[in-house]
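Hi there,

Here is the structure I promised to pass along. Have a look at it first, and then read on for my notes on its charged side chains.

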Amino acid sequence: MHSNLGFLGGNIPALFVTMGKRVAVVLAGCGVYDGSEIHESSAVLVHLSREGAEVYAPNVDQMHVVDHVKGQPTQEKRNVLVESARIARGNIKDLTKLDVKGLDALIIPGGFGVAKNLSTWATQGKNCTVSKEVEDVLKAFHAAKKPIGLCCISPVLAAKIFPGCELTVGHDTECEKWPYAKTAETVKELGCKHINKHVTEVHVDVKNKLVTTSAFMCNAPIHEIYDGIGKMIKEVIRLA
């Protein structure tokens with residue numbers, strides 16, 4: 001870090017330099033319970049560092065703020081774009097500025113923010129609505145036949161928007177290792193084909209150019225999450 005920055009912040013040098021494909025990464029806040037899952041987001045950015053990541057987030061209030069020690073909602077108000085900027089080291093743009101024409105692919109990491117801030121899945125399940133900005137972006141990449149990578153809970157966005165698509169959120173039988181397996185059943189109810197995959201595996205829906213992996217839908221160690229996300233990124237880049 002440059003010495004003139006001190007401890008008060010400043011103009012931090014660009015973290016994500018474009019060298020290959022230009023990939024949009026859409027975040028939903030900062031923290032697993034009310035934003036983007038930080039380990040997943042970091043894994044995405046590390047695996048994209050040899051390509052080029054451009055980070056975006058919607059400029060909206062979070063559904064709520066969760067104390068990550070107690071696991072309970074607080075009375076605080078926080079903004080999704082401002083919180084997401086923590087992960088992006090300030091190098092982030094308002095989602096309304098995203099132009100699919102200049103980009104090669106789209107990635108959305110998981111975390112409860114996807115189900116709370118990018119959609120209403122957390123409260124309405126299969127009857128949810130997806131934020132218009134997020135829906136427009138997903139549809140724009142899909143219409144342009146550009147690949148989309150989704151991990152953890154974020155594949156439910158595709159399930160809602162692209163009926164009949166194929167995806168994975170891990171396994172469909174609930175157990176200690178797969179505590180969120182009922183999500184797979186809900187995805188099937190939306191008319192999508194769910195494919196059971198291990199945490200280090202991905203599913204590629206060739207027709208829709210959709211690549212999915214389960215990430216923290218599985219009760220797995222971080223290195224396995226990292227490896228699965230790496231495979232997702234590799235397939236997205238291959239399709240781009």
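**Salt bridges in the model**

Helix H5 (residues 132-143) holds both Lys139 and Glu135, which sit four residues apart, about one turn of the helix. Please keep in mind that this is a predicted model. These two residues form a salt bridge, and the closest N and O atoms of Lys139 and Glu135 are 2.8 Å apart. Lys139 counts as partly exposed because its relative accessibility is 40%. Glu135 is partly exposed too, with a relative accessible area of 23%.

That pair belongs to a longer list, as the structure holds eleven salt bridges. Another one joins Lys93 to Glu54, with 3.6 Å between the closest N and O atoms. This pair links distant parts of the chain: Lys93 is in strand E5 (residues 92-94) and Glu54 is in strand E2 (residues 52-57), 39 residues apart. Lys93 has 42% relative accessibility and so counts as partly exposed, whereas Glu54, at 11%, counts as buried.

You may also like to look at Arg78, which forms a salt bridge with Glu83; their closest N and O atoms are 3.3 Å apart. Here Arg78 is partly exposed, with a relative accessible area of 29%, while Glu83 is buried, with a relative accessible area of 6%. Arg78 and Glu83 are also part of a network of salt bridges that links them with Glu76 and Arg86.

Happy to talk it through whenever suits you.

Best wishes

Note on methods: Residues numbered from 1 in each chain as written. Predicted model: local features only at pLDDT ≥ 70, side-chain atom pairs only at ≥ 80, totals over all residues. Heavy atoms only, no water. Salt bridge = Lys/Arg side-chain N within 4 Å of Asp/Glu carboxyl O. Helix = DSSP H or I, 4+ residues; strand = E, 2+ residues; numbered from the N terminus. Buried < 20%, exposed > 50% of the residue type's maximum accessible area, 1.4 Å probe, protein only.
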